Amino acid sequence: QKVTVEVLDHLERLALVDFRDAEGVQRLQEAIQFADQLQEVNTDGVEPMDSVLEDRCLYLREDDVTEGNCTKELLKNAKEKVEEYFVAPPGNIPLPKLEERETFLQGS
Amino acid sequence: AAARGCGGVWHQVCQRGAGGPSLAPRGQRAFTCNARGGAVPAGKSGLAPWVPVVGLEIHAQISSNSKLFSGSQVQFAAPPNSLVSFFDASLPGTLPVLNRRCVEAAVMTGLALNCSINKKSLFDRKHYYYADLPAGYQITQQRVPIAVNGSLSYSLCIDNKMSRMVTKTVRIKQIQLEQDSGKSLHDDTRSQTLIDLNRAGVGLMEVVMEPDMRCGEEAAAAVRELQLILQTLGSSQAVMAEGQLRVDANVSVHRPGEPYGVRTEVKNINSIRFLAKAVDYEIQRQIEELENGGTILNETRAFDSKLGCTIPIRDKEGKQDYRFMPEPNLPPLILYNAKSLPANMNHQQVVNIDWIHERLPDLPSVKRAKLVEQYGILPEHSFTLVNEDGLTEFFENVVKQTQMKPSKAIGWILNDLLSYLKQHSLTVKESLVSSFLLADLLNLLEKKEISSTAAKQVLAELWKGEGKTPLEIVKEKKLELIQNQEELEQICQAVIDGQENEVIMMVLE
């Protein structure tokens, strides 16, 4: 079962990845096939494991103020700043529609 | 704006704003909310009534010193980006560390709302892009939240005079712990957004209320009661004006017996009053749309408080796919009770549900019941006392210092004192008349040294805050009741003598 162009477009938009070429798509395809092997195991009555940390203790921290006050350091990373605020575009700039953007998927 | 009365029919929902969208004026609202719940008929075509359905998603900021997963401070109004740790800014190499106080706050709230506390709950990542969410995802509890299946009881007055109250219940679907996002300040002139991450990572409790409500008034009453509960517990200060309590409403309408209609989400509601307005407007808008043959879009709308209407938020991104996944850096959160408590565990690492339960303070409903029982006041009175910050203590202090019966003193508190405070926009704590002074005045009244009318005059004088005692004002204005029979006769005779003609006319009639 091949991954459709619609799904690939959806992924490019959602994860901001660029599949770049047929090889990229192929790698995704193989990854899905690899993961699908999990379906072959009978897991009836078995609780799913969603974290290898499941038997670890979740450490609880005391409610003390121990961090912060490093405005200067944080802003050093900012391309643009205005009076200690980070500057961002007015809103999200969504990826253009499939027809309108340069992506290998266009040809598919 | 229409004056509302639950159980009454009202005329217009939307405030007419200049150039704003407004609903067609109607002789009768197409739905009413009555004591028995549900809709009461009057569709314009005379067909079956509409049943409005209202659910709420409430985000309450947890009252804690530090954030949910980091040690930076939680504080309203601080220099931008000064309360931000490396983790809050999502710098690589940082990890979340859960704040114990936030867990306790959520457990307290869950218990107060009659929820089952999940002894094992999980954290997840909810992904979406926005400049005020530096990690590109929010850590929340989507699969197994900390508390589920609770209920909240609230009361409504079913007429305008607050003399008949009815109790309703809304089911609580769940309470989950999650991170708050930073703040975006839109600078339209320079076409940019300024980002302040001080709020990013602050702990939130999301309380999801099932769609058991039927109108704006019910939604507002439910939120008000939740607010009181949170403030009583101390788990959140729940001040809406400071963004500590945010409410989104999910609204739909349907015909009885038919499946639920398409719902819209209403955001940007900044006060409890506006919540009622926004919900009622949206219900009315949907009814009109459907009765005119239109359809309802599953969209997000913002409430415009100036126009009193909801407007669609242009959503260029379509339906959101949040790609939920387990938070890989956090093991499950395990809570204990007296039975499951492990013997040799560091008690700082243990959150004991039973221990918290034993220490829950009296909830508003319990406080009200106690006031009614202890002082013989009406339930409606207890609502007002508990609703107004500091009023219960004021009342109790007056009662301690006066011989007047509490059931009589309450009238002076609720009618005279409270209306003075409201007129001058003062809180109880800012009152120029202390409980001591008021008790003093009520004692004069109780001992029949002054009349009730005179007492009101004295109160008006006391309100000037000139530091005089009630007795001083009484003497100054000569408001003492005359007890002497002879003196009274003399006064009456003088009045009659002075109005001879009128008296003759009266006698002749």
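**Exercises: the A–B interface**

In this predicted model, 40 residues of chain A are in contact (heavy atoms within 4.5 Å) with 53 residues of chain B. Residues are numbered from 1 along each chain as its sequence is written, and chains are lettered from A in the order written. Local features need pLDDT (the predictor's confidence in each residue, from 0 to 100) of at least 70, side-chain atom pairs count only at 80 or more, and totals for interfaces use all residues, while side-chain values use heavy atoms, leaving out hydrogens and water.

**Exercise 1.** Work out how much area is buried between chain A and chain B.

*Solution.* Start with the total: about 4,000 Å² of buried area (accessible area, 1.4 Å probe, lost on putting two parts together, summed over both). Next, split by atom type: carbon and sulfur give 57% of that. Then look at chain A, where Leu58(A), Leu60(A) and Arg61(A) lose the most area to chain B, together 19% of what that side buries.

**Exercise 2.** Count the polar links between chain A and chain B.

*Solution.* First, 25 residue pairs, both at pLDDT 80 or more, are in polar contact (N or O atoms within 3.5 Å; within protein, one able to donate a hydrogen and the other to accept it, and sequence neighbours count only if both atoms are side-chain atoms). Then try salt bridges (side-chain nitrogen of Lys or Arg within 4 Å of a carboxyl oxygen of Asp or Glu): the rule finds zero across this interface.

**Exercise 3.** Find what stands opposite Leu60(A).

*Solution.* Go to E2(B): Leu98(B) is the residue facing Leu60(A).

Notes
Pairing = 2+ DSSP bridges. Helix = DSSP H or I, 4+ residues; strand = E, 2+ residues; numbered from the N terminus.
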